[in-house]
Structures are given as structure tokens and as C-alpha cells.
Amino acid sequence: MQALLNISAVFDAIGRWFGKAVGWLMLPLIAVIMFDVVTRKVEFTRLFLADLTVQYGVSLSTILQELQWHFHGAILLLSFGFGYLANAHVRVDVFRELFPRRRQAWSELVLLIIFAIPFLILMIQYSATLFSISWGQNEGSDSMTGLPWRWFLKFFMPVGFVIAMLAVLATAFRLIVYLFGPEFASRDAETALSIFADDAAELERARLAAEEALKRETGSA
């Protein structure tokens with residue numbers, strides 16, 4: 001059981017590292033969006049870039065717009081695993097949030113085994129094939145003035161699904177230890193899990209309490 005916890009800790013660390021690292025791409029993404037909007041809306045820069053396209057066949061606007069969704073794609077694909085580990089993904093908890101913790105853990109584990117793991121295996125396989133085809137064709141933009149090397153973006157597809165698989169396996173291993181392990185290991189696994197509905201409720205209560213305390217301090221000042 002301790003071995004499962006150790007493996008899950010490694011998988012968890014990988015998923016969180018990629019999620020936090022790729023978050024820095026938000027800064028160049030914001031810069032590209034701002035630059036693209038300004039150059040297209042300001043008359044002087046718009047006319048200058050139009051002349052540049054006519055003379056050299058290079059459309060900076062097309063390049064910037066494609067670069068935006070390249071950044072979007074990389075951020076999304078590489079943060080799947082981190083989102084799941086942090087329980088930040090969308091859940092439709094109509095019934096699950098009413099369950100006790102052990103039943104929540106059982107439902108999570110069963111659904112991971114039945115749905116998440118087979119789905120991710122298929123996605124890793126097909127996305128790797130898609131990247132291989134794109135690489136072999138040296139795929140570029142559909143636009144003559146767009147970005148080359150479309151295969152580079154598609155490389156993040158299998159990588160992102162592998163990271164998501166590691167996150168799912170880390171959670172599944174911890175659920176196994178929580179449900180079947182000895183008491184001390186079960187407590188450690190429960191502490192590391194972020195899947196429980198009452199965790200979100202507890203965070204919301206803590207946030208509201210902090211806001212009330214801040215209001216009282218502001219009012220007394």
C-alpha cells in the first residue's frame with residue numbers, strides 16, 4: 001500500500017509541475033492578444049501591416065491569431081492532469097455530493113476504471129497516430145500566410161493525455177489505499193485526495209468566514 005502511495009505521489013508531482021509550468025504561457029498569450037488587437041484597430045498600424053502583406057506575402061494578423069490558439073491549445077492540453085488533481089474540472093454532482101466519503105470514493109474509483117482509463121488509453125493511441133501523420137507530412141497552417149509546423153502543436157496532444165492518465169492513476173491508487181489499506185495509510189491517502197464534495201463546501205465556508213471577518217475589521221476601523 002505504501003508503494004502505491006509513493007507511485008501516486010510521483011505521478012501527482014508530474015501532473016502538478018506541468019500544470020504550473022504551462023500556466024506561464026498565459027503571459028505571452030495575453031501579450032499576443034493585446035498586440036493583435038491594437039495593430040488591427042489602430043489605423044496606422046493596420047494600413048502598415050496591410051502593405052506588408054501585399055509586398056512580402058506575410059500576414060502578421062494571421063500569424064498572431066494562429067499563435068493565440070497555439071498557446072491556448074498547449075495550456076489546455078498540458079493542464080488536464082493538474083485540473084483533475086486539484087478537482088478544478090466541472091462536476092455535475094446531483095447525487096454524489098450527498099454520499100458519505102467512502103461511497104464517493106467507491107463511485108470515483110469505479111468510474112475511473114470503467115470510463116476514464118479506457119478513454120485516455122484510446123486518446124493517447126489516436127493522438128499519437130495523429131501527431132505521427134502530421135510530423136510525416138510536415139503539416140503547416142491551412143493559410144498561406146500562417147504558421148508552419150502544425151505538428152508541433154499536435155505533439156502536445158499525446159503528451160497532455162499521458163499527463164492526464166498519470167493524474168487519474170495517482171487518484172485511483174490513492175482511492176485503493178483509502179478503501180482497502182490499513183488505517184494509517186488510509187488517512188494519508190484521504191489527506192492527499194481532492195475528490196470529496198465536502199472539501200469544496202468546506203473551502204466555501206472558509207471563504208465566507210474570511211470575508212465576514214474582513215468586513216468586521218473594516219467596519220470597526
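**Spaces, a kinked helix and some rings**

Trainee: How many cavities of 30 Å³ or more does the structure hold?
Mentor: Keep in mind that this is a predicted model. Rolling a probe the size of a water molecule over the atoms shows where empty space is left. For cavities of 30 Å³ or more, the number the structure holds is one.

Trainee: What volume does the largest cavity have?
Mentor: Look at its walls before the number: Asp12, Arg16, Tyr84, Leu85, Thr171, Arg174, Ala192, Leu193, Ser194 and Ile195 line it. By class, that lining divides into five nonpolar, two polar and three charged residues. The volume of the largest cavity is about 50 Å³.

Trainee: Which helices each supply at least two residues of the lining of the largest cavity?
Mentor: Go through the lining residues with the helix ranges beside you. Asp12 and Arg16 are among the lining residues, and helix H1 covers 2–22. Tyr84 and Leu85 also line the cavity, while helix H5 runs over 80–85. With Thr171 and Arg174 in the lining too, the helices that each supply at least two residues are H1, H5 and H7 (150–180).

Trainee: Now for the largest pocket: which helix gives the largest share of its lining?
Mentor: This pocket has a volume of about 520 Å³ and is lined by 20 residues, with Tyr84, His89, Glu108, Leu112 and Ala116 nearest its centre. H5, H6 and H7 each supply at least two lining residues. The largest share, eight residues, comes from H6.

Trainee: How many residues of that pocket lining are nonpolar?
Mentor: Sort the lining of the largest pocket by class. Four of its residues are charged and three are polar. The nonpolar number is 13.

Trainee: How far apart are the end C-alpha atoms of helix H6?
Mentor: H6 takes in residues 101–137, which is 37 residues. At 1.5 Å a residue, H6 should span 54 Å, and the distance in the model agrees with that. The end C-alpha atoms lie apart by 50 Å.

Trainee: On which residue is the kink in H6 centred?
Mentor: The kink is about 45°. Its central residue is on the list of buried residues in H6, together with Gln104, Ala105, Glu108 and Leu109 among others. That residue is also one of those nearest the centre of the largest pocket. The kink is centred on Leu112.

Trainee: Which residue with a positive phi follows H6?
Mentor: Positive phi turns up at more than one place here, so let's tell them apart by position. Asn87, with phi near 55°, lies in the loop between H5 and H6. Trp149, with phi near 60°, sits in the loop between H6 and H7. The residue right after H6 has phi near 50°, and its name is Asn138.

Trainee: Is Trp149 buried or exposed?
Mentor: A residue needs over 50% relative accessible area to count as exposed. Trp149 has 54%, so the word for Trp149 is exposed.

Trainee: What kind of aromatic pair do Trp151 and Phe152 form?
Mentor: There are 11 aromatic pairs in the count. In this one, the rings are 6.2 Å apart centre to centre, with 85° between the planes. Planes over 60 degrees apart get a particular label, so Trp151 and Phe152 are edge-to-face.

Trainee: Of Trp151 and Phe152, which is buried?
Mentor: Both belong to a cluster linked by ring pairs, along with Phe131, Trp135, Phe155 and Phe156. Phe152 has a relative accessible area of 46%, so Phe152 is partly exposed. Buried means under 20%, and the residue at 17% is Trp151.

Technical notes
Residues numbered from 1 in each chain as written. Predicted model: local features only at pLDDT ≥ 70, side-chain atom pairs only at ≥ 80, totals over all residues. Heavy atoms only, no water. Helix = DSSP H or I, 4+ residues; strand = E, 2+ residues; numbered from the N terminus. Expected span 1.5 Å × (residues − 1). Bend = angle between axes of the 7 residues up to and from the residue. Buried < 20%, exposed > 50% of the residue type's maximum accessible area, 1.4 Å probe, protein only. 1 Å grid on protein atoms, 1.4 Å probe; cavity = no way out; pocket = protein on both sides within 12 Å on 5 of 7 lines; lining within 4 Å. Points joined across faces, edges and corners; volume = space filled by probe spheres on them. Nonpolar A, V, L, I, M, F, W, Y, C, P; charged D, E, K, R; others polar. Phe/Tyr/Trp six-rings, centres within 6.5 Å; stacked < 30°, edge-to-face > 60°.
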